[in-house]
Amino acid sequence: MNNNLPNAPHVQVLIVGSGFAGLGMAIQLQQAGYSDFLLLEKAAEPGGTWRDNSYPGAACDVPSHLYSFSFEPKHDWSRKFAPQAEIHQYSLHLISKYRLAERIRCNAEVSSAAFVEENGGWRVTLSDGEELTCDVLISACGQLNQPAYPALPGLAQFQGQAFHSARWRHDLDLEGKRVAVIGTGASAIQFVPQIQPKVAQLMLFQRSAAYVLSKPDRAYSRWEQGLFKRVPLLQRVNRGLMYLHHEVRGLAFISLPWLMTFMRRSFDRHLRQHITDPALRERLQPDYPMGCKRILISNDYLPALAQPNVQVITDTISEVRAHSIVTADGREHACDTLIYGTGFAATEFLSPMHITGRGGQVLNEVWRDGAEAYKGISVSGFPNLFILYGPNTNLGHNSILYMLESQFRYVLGCMRLMTQRGLRWIDVKADTQARYNRTVQADSHRTIWEQGCTSWYKLASGKNTNNWPGYTFTYRFQTRKPELHDYDCHR
Ligand SMILES: Cc1cc2nc3c(=O)[nH]c(=O)nc-3n(C[C@H](O)[C@H](O)[C@H](O)COP(=O)(O)OP(=O)(O)OC[C@H]3O[C@@H](n4cnc5c(N)ncnc54)[C@H](O)[C@@H]3O)c2cc1C
């Protein structure tokens, strides 16, 4: 046991990131008897996605009982889809219940990591130059952690306030302002209805319309919360049913894209119900197959767009000026505040970090044609590096936390095997990884994400780097235990 953890120069396991992946992994390590581990977090506080995305209306779009760890159920979620603050509080609860605070070092951004073959471990360098070493390095940096900003001509000239939804400026009062929102993805559909009643004018710049379905949200009553507390089995059954429901929906994404026709009808109904103006309805019709981009759920987004202070602008932005945005049709839209609802650099994965593996190979170079990993976790040439929520482990239909729990088990399995066999390091075989990824890409072609659209799941080349093209139970089965013959092993 390392008694002085936050300042220890060497630990057995270093985890980069303190979102759900980092925290969940830490808890599982602890429960498996590991005590020499440390989490490095670049931000001033722990928490990941739900610390960063505090914009008005932020909430999960997978039911909370499913979007929480199976090993740490929470009986008193306030709503079916809990708001951001409550999910963030759940992360803080994990930290306090499992006494993780002393194992998390904040303001510690990993800028590079290099595998040291002689020691069979990693040398990790922080952005201030400090160095640490570890035997096992676990990346828990998330896929949706680096805000993506649009490259618009003249953006630097803008004189008003501009910010990204993941860096919400709570100090700014939007009351009576002319606000331009760029982007209509999962975050924008949550904050637009919240700010619309306040602002004088809301100009929504839409490059591509979203399929929006109604959100089956509601508050949980006291007696339901009490029942979940007193009869934990009931909560587990409820969670299981939610899981099944989402997995069944997966059929339409993964195996039988024609099933989307039924969801498409729900969208048409939702659109007709809330948008009566035929011209606006036309603008809000997506021009790609449903499910190809993320399907969004909201009860107040479309009604907000029908309000007189909202304009949905579909012309391309040609220039940003000091106090306005000019579109390709020559119109100039005056605005005071600009909000980027432009999502995240999801396909970049670990790229801000400079990771060097065996023989000096650099991960960003190895991944120049798109990230890939064995089971989304191991990359050949980068021994003892395990990636959580890595390439091809994102979902369009279920909870990421379910995928993370599969990954925790796999990583622990690898570590256990190393101890049992007296191995210093294991490195996934290149041909094993290549074979696995050929199957992933082949399977991707059958999915709805490959039916004719661009999305944050894919590169410009069309390669699916982000999504898991299968069912989550299949992934769980595949990751149930590591096979040593998949790895080059060294004592
Ligand atoms: C607005 C929003 C809503 C979402 N809703 C859902 C949902 O409803 N259901 C669902 O399944 N998923 C949802 N997701 C996806 C969500 O990201 C995952 O479910 C999950 O929270 C990912 O956890 P993580 O720990 O892997 O990553 P993150 O939560 O992104 O945490 C990564 C952490 O790593 C830190 N970090 C990154 N780089 C470094 C570095 N170099 N050095 C040190 N620290 C570093 C970051 O600061 C961050 O704290 C949503 C995402 C967003 C953005």
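Where is the place of arginine 167? In this predicted model, arginine 167 is located in the loop between strand 7 (161-164) and strand 8. With a relative accessibility of 37%, arginine 167 counts as partly exposed. When residues up to four places away in sequence are not counted, arginine 167 touches Asp52, Asn145, Pro147 and Tyr149. Histidine 88 is separated from arginine 167 by 79 residues in sequence, and the C-alpha to C-alpha distance between the two is 15 Å.

Arginine 167 also belongs to a network of salt bridges, in which it is linked with Glu41, Arg51 and Asp52. Within this group, glutamate 41 pairs with arginine 51, and their closest N and O atoms are 3.3 Å apart. Glutamate 41 lies in the loop between strand 2 (37-40) and helix 2 (49-52), whereas arginine 51 lies in helix 2, so the salt bridge ties together parts that are 10 residues apart in sequence. Glutamate 41 is buried, at a relative accessible area of 5%. Arginine 51 is likewise buried, at a relative accessible area of 15%.

In the whole structure, 24 salt bridges were found. Side chains of opposite charge can pair when their charged atoms come close. Among the salt bridges is one between aspartate 171 and arginine 169, with an N to O distance of 2.9 Å. Aspartate 171 counts as exposed, its relative accessibility being 56%, while arginine 169 counts as partly exposed at 28% relative accessibility. Another salt bridge joins the side chains of glutamate 224 and arginine 218, at 2.7 Å from N to O. Here glutamate 224 counts as buried, with 14% relative accessibility, and arginine 218 is partly exposed, with a relative accessible area of 39%.

Helix 4 (residues 188-195) is mostly covered, seven of its eight residues being buried. The buried residues are Ala188, Ile189, Gln190, Phe191, Val192, Pro193 and Ile195. Several elements contribute to the cover over these buried residues of helix 4. They include the strands 8 (178-182), 9 (201-205), 11 (296-297) and 16 (337-340), together with helix 9 (301-305). Strand 8 is thus part of the cover of helix 4 and also bounds the loop that holds arginine 167.

A nonpolar patch of about 760 Å² is present on the surface, made by Trp223, Leu227, Val231, Leu233, Leu234, Val237, Leu241 and Leu244. Helix 5 (222-230) and helix 6 (232-254) are the elements that give two or more residues to the patch. Helix 6 provides the largest share, five residues. Tryptophan 223, a residue of the patch, is found in helix 5. Its side of the patch is open to the extent that tryptophan 223 counts as exposed, at 60% relative accessibility. The packing of the two helices can be described as follows. The axes of helix 5 and helix 6 come within 4 Å and cross at roughly 110°. This angle makes helix 5 roughly perpendicular to helix 6. On helix 5, the contact is made by Leu227, Phe228, Lys229 and Arg230, and on helix 6 by Pro232, Leu234, Gln235 and Asn238. Leu227 and Leu234 take part in this contact and are also residues of the nonpolar patch.

Definitions and conventions: Residues are numbered from 1 along each chain as its sequence is written. This is a predicted model: local features need pLDDT of at least 70, side-chain atom pairs count only at pLDDT 80 or more; totals for chains, interfaces and linings use all residues. Side-chain values use heavy atoms; hydrogens and water are left out. Patches are made of residues with over 30% relative accessible area and no salt bridge: like charges are joined within 9 Å, nonpolar side chains (Val, Leu, Ile, Met, Phe, Trp, Tyr) within 5 Å. Accessible areas come from the Shrake-Rupley method with a 1.4 Å probe; for residues, only the protein chains shown count as cover. A salt bridge is a side-chain nitrogen of Lys or Arg within 4 Å of a carboxyl oxygen of Asp or Glu. Buried means under 20% relative accessible area, exposed over 50%, partly exposed in between (1.4 Å probe, protein chains only). Axes are lines fitted to C-alpha atoms, for helices over the stretch in contact, and angles run from 0 to 180 degrees between N-to-C directions. Angles under 35 degrees count as roughly parallel, over 145 as roughly antiparallel, 65 to 115 as roughly perpendicular and the rest as oblique. Contact means heavy atoms within 4.5 Å.
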